[in-house]
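Trainee: Could we go through this model together before I write up my notes?
Mentor: Yes, open it up and ask as we go.

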Amino acid sequence: MVLSFEKISKLIARSLSITPEALKEAFAPALDADMSAIKAFRQEYLGRHIAWQDETYLRWRYDFSGNRTAALNRLWIIKIDGEILGMIGLDYAEFTCQCERIDAYNPLDLLVCTRLDGLGLGVWMSMVLAQEYELLFAMGATKHSKVIVQKLFTPMPDLGSWKYLLRSSRYLQARIPPFILPMVAAVVDLGLGLKRKWITCGKKHTGQFAPLEHFAAHAPALETLINSYNQTHWIMRKRSADFLDWRFMRNPRRTYQALGLLCSGELSAYAIYHIKDQTVLHIDDLFAASGDLKGLQALLASLLEIACAANVSVVSFTAHNETWQHLLIPFGFTFRDDGHLFGVAVKDHELQAHLLSPPHWWVTSCDTHSEGF
Amino acid sequence: MNQAEALTLIAEIFEAPDTLTPATLKDNVRGWDSMGVLSLMAEFDDRFSILLSQPQLEQMKSVDDILQILRDHGHISA
């Protein structure tokens, strides 16, 4: 059953005993004056899950100045009679595709008050935003956000997790008797180590690897890297130094590490990663100039060495299957559909066909709200 | 309509396989999500002029709770 936006607005408004016009007016980007109420709302509905300085996070993520014209991250709230009933964030992303700039937004931080949970307010808020902006792309990881991606967006099925096994004992634990686990794990790990050496030995690079504290010093090189994709079909977020420094190096929710591949002192590729629970090294972003497969291979080989030294069991990477399989399968990574959904909503019909093609998207954890609730 | 026809209608609204019984719980109906609730509200409004309220929607835990609303409004014959 396909419901129009007008019909849904009418139904939601009626269930709140207001008019559809009043409902529309009640939904707007949050202002500085709303901060206390927003924090209280999030505390009430996220409760013990909030293990960070929430105001620091909110101010880092969103603009509360009330500027409606600039392309900024905003937290939209629905407020009726002074009470916040729900909220949804919008993360601005400047995408590029064949030299075209595409302003896109990624909905995140969706919350609806308990008494309205599951009654369609989240759907309605998403529909308003899809009408407001040219291109929305969304990741569905929770029950509610998956419903929204499935029903309101065009789902693209092959975003998932690439995994590389370094140590087997955690994996084998549930599968073999405990008394033989250490011996079997040792043999399997030896095999994995030999395979890794064999795969990575031909992937050495003449450049130098160095940890990066920030990207500002590499801004021109980064621009050259992103510009190398100008004539390609990739739809990707423009990775400026300002964006990477904000997204990763000044992130109040998580500490990220950046690894640069430098050729004659110039940045030619980089990886951003973090270590989860001392067991997983997750690659959040991996980037090199267009066609520089050797740069990506060298970075991957270096990340596997870092993961080994950190004693983690698994290296993971969130990305589309078709985009990355030529690089990752020869390394020994395997693809797993982890149930996360990626979908897009496009207003421009001319662009639609291209934007709805999954193999064209270059999506990594750089584009997701991977810190999560 | 009779109960069997009402069950078919509910299955259509939730885009669920036609295997619903009055005892089927909300959690076991795949399409009984926020979008499904909106479809239910729209269908009841358009077809039966029943305005489902927020408390009524909150209290629905099984297919029989939906049937009961139809019975209360005289839309299901014995």
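What follows is a conversation about the contact between the chains, one helix pair, one tryptophan and the smaller-scale picture of chain B.

Mentor: Keep in mind from the start that this is a predicted model.

Trainee: Okay, how many residues does each chain put into the contact?
Mentor: Chain A contributes 16 residues and chain B contributes 14 residues.

Trainee: And which helices of chain A supply at least two residues each to the side that touches chain B?
Mentor: Those are helix H1 (5–15), helix H5 (121–132) and helix H6 (143–152) of chain A, and the largest share, five residues, comes from H1(A).

Trainee: How do the residues on that side of chain A divide into nonpolar, polar and charged?
Mentor: On the side of chain A that touches chain B, seven are nonpolar, five are polar and four are charged.

Trainee: Staying with H1(A) and H5(A), at what angle do they pack?
Mentor: The angle between H1(A) and H5(A) is about 140°, and their axes lie 10 Å apart. With angles over 145 degrees counting as roughly antiparallel and 65 to 115 as roughly perpendicular, that value makes H1(A) oblique to H5(A), and the crossing of these two helices is left-handed.

Trainee: Which residues meet there?
Mentor: From H1(A) come Phe5(A), Ile8(A), Ser9(A) and Ile12(A), and they meet Leu121(A), Val123(A), Trp124(A), Met127(A) and Gln131(A) of H5(A). The residues of this helix contact comprise seven nonpolar and two polar ones, with no charged residue.

Trainee: Switching topic, where is Trp234(A)?
Mentor: Trp234(A) sits in the loop between helix H9 (219–227) and strand E9 (235–237) of chain A.

Trainee: Why does it count as partly exposed?
Mentor: Trp234(A) has 16 C-beta neighbours inside 10 Å, so it counts as partly exposed, given that a buried residue needs 20 or more and an exposed one has 12 or fewer.

Trainee: What is Trp234(A) in contact with, neighbours within four places in sequence aside?
Mentor: Its contacts are Cys97(A), Tyr229(A), His360(A) and Trp362(A). In addition, the C-alpha atoms of Trp234(A) and His354(A) are 9.8 Å apart in space, although the two are 120 residues apart in sequence.

Trainee: Now chain B, how many helices and strands?
Mentor: Chain B has four helices and zero strands, and its radius of gyration of 11 Å is close to the 12 Å that the globule rule gives for 78 residues, so chain B is as compact as a globular protein of that length.

Trainee: What share of chain B is buried?
Mentor: Buried residues account for 27% of the 78 residues in chain B. Among contacts in chain B with a separation of 6 or more, 50% join residues 24 or more positions apart.

Methods:
Residues are numbered from 1 along each chain as its sequence is written. Chains are lettered from A and ligands numbered from 1 in the order in which they are written. This is a predicted model: local features need pLDDT of at least 70, side-chain atom pairs count only at pLDDT 80 or more; totals for chains, interfaces and linings use all residues. Two residues are in contact if their C-beta atoms, placed from the backbone, lie within 7 Å. Ala, Val, Leu, Ile, Met, Phe, Trp, Tyr, Cys and Pro count as nonpolar, Asp, Glu, Lys and Arg as charged, and the others, Gly among them, as polar. The radius of gyration is taken over C-alpha atoms; the globule rule is 2.2 Å times the number of residues to the power 0.38. Axes are lines fitted to C-alpha atoms, for helices over the stretch in contact, and angles run from 0 to 180 degrees between N-to-C directions. Angles under 35 degrees count as roughly parallel, over 145 as roughly antiparallel, 65 to 115 as roughly perpendicular and the rest as oblique. A crossing is left-handed if the near helix is turned anticlockwise from the far one by less than a right angle, and right-handed if clockwise.
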